[in-house]
Amino acid sequence: MKQAQSYMFNISGVDCPNCAARIEEALNALSSTSRANLDFNTNTLYIDTCDIAAAKQTILNIEPQASLENAQDEKQDSTNSPHIYAELAYIGALLALFGVSMALKYMPIFAHIPAIVHMALLMCIYGVAGKPIFVATWRNLKNKIFFDENSLMLFATLAALCIGEISEAVAVMLFFRVGEFLESLAIQKSKNSIQSLLQVMPNIAHKKHNDTLIDLHPQALHIGDVIVVKVGEKIPTDGVVLKGKSYLDTRSINGESVPVGVNVGESVIAGAINTTALLEVRVEKPFADSHIAKIAKLTQEASANKATTQKLITRFARIYTPIIFALSLAIAIVPPLFNGQWHEWIYRGLVVMMISCPCALVIAVPLGYFASIGRASAQGILFKGSIYLESLALVKNIIFDKTGTLTEGTFEILSLQPSDNFTEQSLLELAACAEQNSNHPIATCIKKRFQPACKIESYKEISGQGIVLQCDKGQILCGNAALMQSFHITFAPIQSTHTIVYIAHNGIYAGYIIIGDKLKNHIKEDLRALKNCGIKHFAILSGDNENNVKALAKELNIESAYGNLLPAQKEQELAKLMQQWQGKSAFVGDGINDAVVLRRSDVGISINTGEHGNDISKESADIILQHTSLSSLVKALRIAKHTRAITWQNISFALLSKIALIILGIMGIADMWLAVFGDVGVALLALCNAMRPTLKLTLNAISNSALDSSRA
């Protein structure tokens, strides 16, 4: 058997989530297919198969109007395509004819016109309006699909015609078509608004060649190529600035509203917009490996990992529809056996049947998840699937790595404490002279603050103590307390969880420098915000010195802290905490040294350490935070909880509405007009509710744009 190949297609002509589910199920049933996932939210088909022709034919058997295109082709906004306007004119004409038929029946001036004319016009409208439903039902029956919205609607309207309710049967068919049109329009609009988040991909690059510029697609660039980025253009791929100085707008990538300054020698990322001056950039990565390409891929594929709720709703719809169909038949047949009111109870059964379609659930729930994934992506938060969005909403405990997560991850001078007759400047100068030949991280952070300028006569590094330097400034001792004691320097030892560097000059104590890993800005406020979001427990698992870890935990009011841990030991401690605490647990780390615990936790969250694109390579994580601060984790948690709330609002609203309408239908209070609202109207309302995250994102974008304009 041939080896399966992976394909990705844009698929059009599939406007119903039930149809998408049927296609996916049929493809997975093929012996030649090892995996198939049709994402209705993005109209994208992911398939691993050794017989792509058989897969395409299977799709056409279920949806003859479906068409597949290579996923690299640009997607068009189908809301502006001619067939939308044609459909609108078509439905408008049918509504006008229906109005004429009603006038023929009820207006006295047309009383002389034979009833047969009115009947013929109604049947004509019914046939034309119902044609797509007739075709879909016949196609489904050939594929042994007996219960969906098309077959239910056809059966109900034909039965209504048989009992003489011709006007209502035609009205139901017509307004069902109107509702389906509005529903598909709303779905496509929502998809376009979501997919617009992916339209940050650069599409042109100006490559330098023999003092001329060649315009080509970023995919044609190679490592080492030199490109020119003009003002207002997007950076085509990741690179390093060779010439120029400018500011980059990165809002479309990570939601950061403050422009980022770049100069010669600094890295730039694809998708950022050059705002102030021309840049010359050397390509460092192929376009496919660039930061923006990986973001787009993650965002596009995110909803392929379906949430548990989505899967349950799909399974529920398959069971629910035939049960309601059986209930409708029972309502139409059983009561008349006792009271003989066949017309009345058949009518009630038909009303219940038309209410039964679960479109509100199968459309609104997955679109709600994808809208939130799009909203999060625009704010620099990448969910690798709606399943992780759902899981994050249930998280009650968060475990952090220390370095790079709670702290900045780089050594800094936290305090300078000179003794008498010395100043902070002179103390720093002495330390920098002593450390000028060292590459230790502590030496590096000291030399960042002061560039030494002294002539070395002798240099000695004493292991475990520090440095003894003889230079044109005299003898300088720089090290720990043991070094001071071995040279009989009079000083007062300091107790601290941070690193203390003592300095002496010509036998006289000069003071000390406190060096440590600085806490991230607003870390305490972020932890409080997480508590307010419902997080019950915090912990730290770190490979750093245990005293330092416990001191940090005490400062941040974190209840559990463990240090000196190797990756395997981190996993063991994480397992103990997860067993001890109730609810789901998330681990937040840098995604490189924490791969084991990121996989072991219920939700693995990778936080950016400050290097562009570094976070995208963290395959172990379920969620990627592109910002270095924990404020993005707070945003992610709020989005997850908001999405969960909207999802259950839609489920509750749809089910309760349908139950109420079914009861009214059984009691004879609801008629076929109300039944149409119970199907299409409820679906539209649930869809609008599901799209609230996208609406909020759009309003925020408009607000930020207005604010930026006012500041300018």
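**Entry 1: the small sheet**

I started with an open sheet of three strands, ordered β10-β9-β12 and paired antiparallel. Its edge strands are β10 (260-262) and β12 (273-274), each of which pairs on one side only. Before going on, a reminder to myself: this is a predicted model. I then looked up how β9 (residues 246-249) is joined to β10, and found three bridges, with the two strands running antiparallel. Leucine 248 has valine 260 in β10 as its bridge partner.

**Entry 2: confidence**

How far can I trust the chain? The mean pLDDT of the protein chain is 79, and 82% of its residues reach 70 or more. I looked for weak stretches and noted two of them. Over residues 72-80 pLDDT stays under 50, and the model has 18 contacts beyond four places in sequence for this stretch. Over residues 701-712 pLDDT also stays under 50, but here the model has one contact beyond four places in sequence. Where pLDDT is low, the predicted coordinates should not be read in detail, so I left it there.

**Entry 3: the seven-stranded sheet**

Next I traced an open sheet of seven strands, which reads β14-β26-β25-β24-β15-β22-β23 and has mixed pairing. Which strands sit at the edges? They are β14 (381-383) and β23 (560-562), each pairing on one side only. Direction ignored, neighbouring strands of this sheet are turned by 20° against each other on average.

I checked the β14 end. Three bridges join β14 to β26 (residues 623-625), and the two run antiparallel. Leucine 382 stands opposite isoleucine 624 in β26. I also found a helix on this sheet: α19 (residues 567-580) packs on it and touches β15, β22 (537-541), β23 and β24. The direction of α19 makes about 165° with that of β22.

**Entry 4: strand β24**

I went back for β24, which has a partner on either side in the strand order. With β15 (residues 395-400) it shares five bridges, and the two run parallel. Isoleucine 399 has phenylalanine 587 in β24 as its bridge partner. With β25 (residues 603-607), β24 pairs in the parallel sense over four bridges, and glycine 589 has serine 606 in β25 as its bridge partner.

Is β24 (residues 584-589) enclosed or open? Five of its six residues are buried, so β24 is largely enclosed by the rest of the structure.

**Entry 5: isoleucine 513**

I picked one residue to follow: isoleucine 513, in strand β21 (residues 508-519). Its relative accessible area is 0%, so I wrote it down as buried. What does isoleucine 513 touch, leaving out residues up to four places away in sequence? I listed Ile413, Ser415, Leu416, Leu427, Ala431, Thr499, Ile500, Val501 and Ile503. I also looked up leucine 414: it is 99 residues from isoleucine 513 in sequence, while the C-alpha to C-alpha distance is 7.7 Å.

**Entry 6: two helices**

Last stop: α11 (residues 342-355) against α21 (residues 631-667). They pack at an angle of about 170°, with axes 8 Å apart. α11 and α21 are therefore roughly antiparallel to each other. From α11 I noted Trp345, Arg348, Val351, Val352 and Ile355, which meet Lys658, Leu661, Ile662, Gly665, Ile666 and Met667 of α21. Sorted by class, this contact holds eight nonpolar, one polar and two charged residues.

Definitions and conventions:
Residues are numbered from 1 along each chain as its sequence is written. This is a predicted model: local features need pLDDT of at least 70, side-chain atom pairs count only at pLDDT 80 or more; totals for chains, interfaces and linings use all residues. Side-chain values use heavy atoms; hydrogens and water are left out. Axes are lines fitted to C-alpha atoms, for helices over the stretch in contact, and angles run from 0 to 180 degrees between N-to-C directions. Angles under 35 degrees count as roughly parallel, over 145 as roughly antiparallel, 65 to 115 as roughly perpendicular and the rest as oblique. Contact means heavy atoms within 4.5 Å. Ala, Val, Leu, Ile, Met, Phe, Trp, Tyr, Cys and Pro count as nonpolar, Asp, Glu, Lys and Arg as charged, and the others, Gly among them, as polar. Two strands pair if DSSP finds at least two bridges between them. pLDDT is the predictor's confidence in each residue, from 0 to 100. Buried means under 20% relative accessible area, exposed over 50%, partly exposed in between (1.4 Å probe, protein chains only).
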